[in-house]
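Here's a quick briefing to read alongside the sequence and the 3D view. Have both open and follow the points by topic.

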Amino acid sequence: MMKLSRYSKNLENQGITQEQQEKLLSSKVLVMGAGGLGSGVIMNLAAMGVGQIKVVDSDVVEVDNFNRQFIHKEKNLNRAKVISAKEWIQEFNSDIKVEIDKVRINDLNYYNVIQGYDIIVDCFDGYEAKYMLNEIALRHKIPLVHGGILGTKGQVTTIVPDKTGCLNCIVAKPKSFSKTQIATFSPIVNTISALQANEVFKMVTGFGEALLNKVLIFDGLKGQFDTINYSKSALCEYCNGSFFDDINIDQSQNLTLDTGSNPIPSPNLNSNPNSNLNANSNLNPQIGEQLKLGDTKII
Ligand SMILES: [Zn+2]
């Protein structure tokens with residue numbers, strides 16, 4: 001068992017309570033992606049005292065990752081990112097239970113990846129995967145901390161199924177995803193990943209207010225933060241119930257099901273009345289812009 005003294009600076013003088021710290025110590029957080037966002041999220045979760053972390057990524061460490069993916073060391077070049085990430089966590093905080101999965105999730109394998117976890121952190125580098133994760137979180141009613149980067153800008157929000165809107169409410173899933181790549185820099189990525197970890201901290205402990213129905217936008221060049229409110233969209237098929245109508249299972253049941261019998265339906269873009277950045281996209285032009293350019297290997 002971890003010693004609370006390690007986390008005494010979390011607690012003393014207007015910090016969290018011992019009970020809240022113990023919630024962190026017993027929490028299980030799933031980090032989807034061990035790139036730039038994943039690096040910062042993992043470091044912060046490990047520092048604050050999350051008890052169990054699972055890291056999921058299918059890539060290996062490449063030399064051009066190092067400008068922002070700082071948990072990976074040169075000695076791990078060409079090794080799986082999940083192994084490199086696990087090594088970092090264990091060296092930093094040996095009390096944390098670490099699970100890893102070197103896999104790219106799809107509708108057949110995702111279930112084993114998410115099983116048993118309290119909260120998901122979206123550290124993926126492309127919006128196609130981010131929308132898939134949004135759908136999985138909603139289906140299984142697991143809170144999702146979304147983070148996204150486009151160049152020198154980024155955004156964070158926390159999606160709580162049944163309570164808040166979702167990624168598709170903010171900007172409807174596009175019909176296609178751009179492969180455009182835009183440079184990004186470590187401080188931008190670090191800022192967003194730290195904010196994501198802060199969302200996990202607040203969600204697990206109940207300390208402060210999470211970004212529920214709010215997107216926090218960061219413009220790194222201007223040094224400016226903006227918060228934009230959103231809500232469940234009646235047009236969002238994930239939130240208005242139409243998408244999941246055929247599947248009526250709660251989380252606990254769902255997590256023991258064989259996904260082979262209940263796979264996520266393949267994306268049917270033509271059936272989505274919201275597609276192509278419809279009326280919702282005017283909620284936030286910056287987010288719309290990110291999605292048009294969204295499927296970038298920049299994180
Ligand atoms: Zn929605």
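Asp 226 sits in strand 8, which covers residues 224–229. Bear in mind that this is a predicted model. With 13 other C-beta atoms within 10 Å, Asp 226 comes out as partly exposed, because buried takes 20 or more such neighbours and exposed takes 12 or fewer. Its C-alpha is separated by 9.4 Å from that of Gln 155, though the two residues are 71 apart along the chain.

**The chain as a whole**
- You're looking at 10 helices and eight strands.
- Of the chain's 299 residues, 44% count as buried.
- Take the contacts with a separation of 6 or more: 72% of them involve residues 24 or more positions apart.

**How far to trust it**
- The average pLDDT for the chain is 85, and 81% of the residues score at least 70.
- Over residues 248–283, pLDDT stays under 50. For that stretch the model has 56 contacts beyond four places in sequence.
- Residues 292–299 also stay under a pLDDT of 50, and here the model has 33 contacts beyond four places in sequence.

**Helix 4 and its surroundings**
- Helix 4 runs over residues 81–92, which makes 12 residues. From first C-alpha to last it reaches 16 Å, close to the 16 Å expected at 1.5 Å a residue.
- Which residues of helix 4 are buried? They are Lys 81, Val 82, Ser 84, Ala 85, Lys 86, Trp 88 and Ile 89.
- The cover over those buried residues includes helix 3 (36–48), strand 2 (52–56) and strand 3 (97–101).

**Helix 3 against helix 4**
- When two helices pack, the angle and the distance between their axes describe the arrangement.
- The axes of helix 3 and helix 4 come within 10 Å, crossing at roughly 25°. Angles under 35 degrees count as roughly parallel, so helix 3 and helix 4 are roughly parallel to each other.
- The crossing of helix 3 past helix 4 is right-handed.
- On the helix 3 side, the contact is made by Gly 38, Ile 42 and Ala 46. Helix 4 brings Ala 85, Ile 89 and Phe 92.
- Two of those helix 4 residues, Ala 85 and Ile 89, are also on the buried list for helix 4.

**Helix 6**
- Helix 6 takes in residues 127–140, 14 in total. At 1.5 Å a residue they should span 20 Å, and the end C-alpha atoms are indeed 20 Å apart.
- How many residues of helix 6 are buried? The count is 12 of 14, so the helix is mostly covered.
- Charged and uncharged names alike turn up on the buried list, including Lys 130, Glu 135, Arg 139, Leu 133 and Ile 136.
- Just after helix 6, Lys 141 takes a positive phi of about 55°.

**Positive phi in the loops**
- Most residues other than glycine have a negative phi, which is a handy background for the next two.
- Asn 13 has a phi near 55°, a positive value in a residue that isn't glycine. You'll find Asn 13 in the loop between helix 1 (8–11) and helix 2 (18–25). Asn 13 counts as exposed because it has 5 C-beta neighbours inside 10 Å.
- Asn 213 isn't a glycine either, yet its phi is positive at about 60°. Asn 213 lies in the loop between helix 8 (186–205) and strand 7 (214–219). With 19 C-beta neighbours inside 10 Å, Asn 213 counts as partly exposed.

Definitions and conventions
Residues are numbered from 1 along each chain as its sequence is written. This is a predicted model: local features need pLDDT of at least 70, side-chain atom pairs count only at pLDDT 80 or more; totals for chains, interfaces and linings use all residues. Helices (H or I, at least four residues) and strands (E, at least two) are DSSP runs, numbered from the N terminus. The expected span of a helix is 1.5 Å times one less than its number of residues. Two residues are in contact if their C-beta atoms, placed from the backbone, lie within 7 Å. pLDDT is the predictor's confidence in each residue, from 0 to 100. Axes are lines fitted to C-alpha atoms, for helices over the stretch in contact, and angles run from 0 to 180 degrees between N-to-C directions. Angles under 35 degrees count as roughly parallel, over 145 as roughly antiparallel, 65 to 115 as roughly perpendicular and the rest as oblique. A crossing is left-handed if the near helix is turned anticlockwise from the far one by less than a right angle, and right-handed if clockwise.
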